Amino acid sequence: MTYLSKSPWILHYDATSCNGCDIEVLACLTPMYDVERFGIINTGNPKHADIFVITGSVNEQNREVVKNLYEQIPNPKVVVAVGICATSGGVFRECYNVAGGIDKIIPVDVYVPGCAARPESIIDGIVTALGILEKKRTEMISGLKETQQAELPQGGEAE
Amino acid sequence: MISLVGIIAFILLAPVIGGIIAGVDRKITAHMQGRVGPSILQPFYDVGKLFEKEMTVANDTQRFYVISYFIFMIFTGALFFAGGDLLLVIFALTLAQVFLVLGAYSANSPYSHIGAERELIQIMAYEPMVILAAVGMYVVTKSFNVGTIASYANPLVLFLPGIFVGFIYILTIKLRKSPFDISTSHHAHQEIVKGVTTEFSGPTLGLIEVTHWYETVFLLGFVYLFFAFNPLIAIIAVIFIYLFELLIDNASARVKWQLLIKSSWMIAAIVGVLNLAVLYYLGVG
C-alpha cells in the first residue's frame with residue numbers, strides 16, 4: 001500500500017506547443033473535470049513533482065530545459081507526453097529545428113495522442129501513469145535492496 | 001504550572017487534528033470554487049507520498065534547519081498547551097520560523113532566496129501584533145502564564161476587541177492564506193516557483209507540511225485564549241474564525257509585500273495600541 005497514486009503532483013511544461021494542448025491540460029483543473037478530487041495538483045516546481053506532463057515538439061531552444069527539468073524531479077517519476085506533437089512531432093516532425101517527440105530527449109512512459117488531446121484522454125493518460133509510478137517505486141525499493149545485498153558479499157570476500 | 005498531559009496530548013494529537021483541518025480546508029475551498037475537491041484525508045496521503053519519495057537535499061545543513069524548524073514548532077505548541085510562559089512561546093515560534101528561512105537561504109537558488117526574503121517580511125509584519133496580543137493578555141489577567149490566562153473567568157475578547165481583530169488580521173499571514181500568502185501558499189496557488197519551499201522536496205517537504213499542521217493547531221489555540229472563559233463558545237469561535245479565514249482566502253487575490261507590511265503594522269499600531277491605551281485609561285491595567 002503506497003500513497004504515491006493517491007497524491008500525484010504534476011509539473012506541466014510547454015515545449016514549443018501551439019498552446020492548444022496546454023489549454024486542455026489546464027481545463028482538467030477547472031470545476032468541469034476537477035482533477036484535484038484525485039489529489040492531483042499542478043505544481044510549478046519540479047522538485048515537488050511526480051508526473052512530468054509535456055506538450056509540444058521539443059526544439060533546439062528548450063531541449064536542455066526539458067532534460068534539466070526531468071533531472072530535477074525526485075524519483076520515482078513518470079513522463080506523460082500530451083498531444084501528437086509531444087508523442088511524435090506531429091506535423092512538425094520534419095522541421096529542421098524540431099527534435100520530433102519528447103522520447104528523443106527523455107524516456108516517456110505514457111503517450112496521449114490527439115490534436116489537441118481532450119481533457120478526458122489527458123486524465124486517462126495520467127491515471128495510466130499512476131500504475132507505472134507504483135511499479136517504478138517497487139523497482140526503486142528492490143533496486144536499493146539489491147545494491148545493498150550486492151555490497152555485502154563483496155565486503156565478505158575481502159575478509 | 002507546566003502540565004505534562006498538555007505536552008503529550010499536543011505532540012500526539014496536533015498532527016492528526018492539523019491534518020484533518022487541512023483536509024477540511026481543501027474540501028471547503030473546493031466547494032467554494034464549485035469543485036468536488038479531494039478526500040478529507042488528502043493531506044495525509046500527500047505527506048505519506050512525500051515520505052515515499054527519494055531523499056534529495058541541496059545540502060546537509062538544509063536538512064538540519066528543517067528538523068530544527070520542526071522541533072522548535074513542537075516546542076512552541078507544547079509549551080503553549082502545557083500552560084507555559086506566553087512570551088517564551090512567542091520567541092520559540094519566531095525561532096522556529098527563522099530556521100525555515102535559514103533552510104531556504106542555505107540552498108543556492110534565487111527562487112528559494114526570494115521566498116526566504118518574503119518569509120522574513122511576513123515575520124516582520126506579524127511579529128508586533130503577536131507581541132501586542134501577549135501584552136494585552138498580561139494587562140488584563142496580570143500574567144504571561146498561558147494556564148492563568150486560560151482560567152481567567154471573564155471573556156478576554158471583551159477587554160481586547162482591538163487586539164483580537166489585529167490578531168485575526170495577522171492570522172491570515174500565519175496560516176499562509178490569500179491575500180497574504182506571499183512567501184508560499186497551499187493549494188495549487190503558485191508563488192515565485194514555490195517560494196520558501198522551492199528547494200525542499202520529498203521527506204523534507206513532508207516534514208515542513210507536518211510542522212505546518214502543528215503550527216495551525218497552536219495558532220487556533222491562541223485564538224481559543226480570547227474566548228477561554230467558556231470552552232464550548234471558544235471552540236465554536238475557533239471554527240468560525242477558521243471558516244472566515246477560508247472565505248477571505250477564496251475571495252481575495254494576493255497583495256504586494258509593501259501593502260502586507262504597511263497594513264499589518266497600521267492595524268497593530270491603531271487597533272492594538274489603542275486597545276491597550278483604553279485599558280490603561282479605564283484602569284484595568
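This talk goes through a structure with chains A and B, one chain at a time, and then its nonpolar cores.

First, some housekeeping. This is a predicted model, in which local features need pLDDT of at least 70, side-chain atom pairs count only at pLDDT 80 or more, and totals for chains, interfaces and linings use all residues. Residues are numbered from 1 along each chain as its sequence is written, while chains are lettered from A and ligands numbered from 1 in the order in which they are written.

Let me start with chain A. It has four helices and five strands; helices (H or I, at least four residues) and strands (E, at least two) are DSSP runs, numbered from the N terminus. Read from the N terminus, the order of elements is β-α-β-β-α-β-α-β-α. The C-alpha trace of chain A spans about 60 × 40 × 20 Å along its principal axes. Of the 159 residues in chain A, 40% are buried. Buried here means that 20 or more other C-beta atoms lie within 10 Å of the residue's own; with 12 or fewer a residue is exposed, and in between partly exposed, with C-beta atoms placed from the backbone.

Now the sheet. The five strands of chain A make an open sheet with parallel pairing, in the order β2-β1-β3-β4-β5. Two strands pair if DSSP finds at least two bridges between them. At the edges are β2 (41-43) and β5 (110-112) of chain A, each of which pairs on one side only. On average, neighbouring strands of this sheet are turned by 30° against each other, direction ignored.

Which strands does β4(A) pair with? With β5(A), strand β4 (residues 78-82) of chain A pairs in the parallel sense over three bridges, and Val80(A) stands opposite Val110(A) in β5(A). With β3(A), which also runs parallel to β4(A), there are five bridges; Ile51(A) has Val78(A) of β4(A) as its bridge partner.

Is β4(A) enclosed or open? Five of its five residues are buried, so β4(A) is largely enclosed by the rest of the structure. Val78(A), Val80(A) and Val82(A) point one way, Val79(A) and Ala81(A) the other way, and all are buried.

On to chain B. Chain B has 11 helices and zero strands. Its C-alpha atoms fill a box of roughly 60 × 40 × 40 Å along the principal axes. The radius of gyration, taken over C-alpha atoms, is 19 Å, and this agrees with the value near 19 Å for a compact globule of 285 residues; the globule rule is 2.2 Å times the number of residues to the power 0.38. In chain B, 50% of the 285 residues count as buried. Of the contacts between residues at least 6 apart in the sequence of chain B, 76% join residues at least 24 apart. Two residues are in contact if their C-beta atoms, placed from the backbone, lie within 7 Å.

I will pick out two helices. Helix α3 (residues 60-81) of chain B has 22 residues, which at 1.5 Å a residue should span 32 Å, and its end C-alpha atoms are indeed 32 Å apart. The expected span is 1.5 Å times one less than the number of residues. Just after α3(B) comes Gly83(B), with a positive phi of about 85°.

The second is helix α8 (residues 161-174) of chain B. α8(B) is mostly covered, with 11 of its 14 residues buried, including Phe164(B), Phe167(B) and Tyr169(B). What do the buried residues of α8(B) pack against? They pack against α5 (110-141), α7 (156-159), α9, α10 (231-251) and α11 (257-282) of chain B. Arg176(B), which follows α8(B), has a positive phi near 55°.

Last, the cores. A nonpolar core is a set of buried Ala, Val, Leu, Ile, Met, Phe, Trp, Tyr and Cys residues joined through C-beta atoms within 7 Å. The largest has 81 residues, and Tyr69(B), Ile170(B) and Tyr214(B) are among those with the most contacts inside it. Helix α9 (residues 203-226) of chain B gives the most to this core, with 13 residues. Another core lies apart from it, with 39 residues, among them Val35(A), Ala81(A), Ala99(A) and Val110(A). Back in the largest core, Tyr69(B) touches Ala96(B), Phe99(B), Leu100(B), Gly103(B) and Thr211(B), leaving out residues up to four places away in sequence.

Terms used. Axes are lines fitted to C-alpha atoms, for helices over the stretch in contact, and angles run from 0 to 180 degrees between N-to-C directions.
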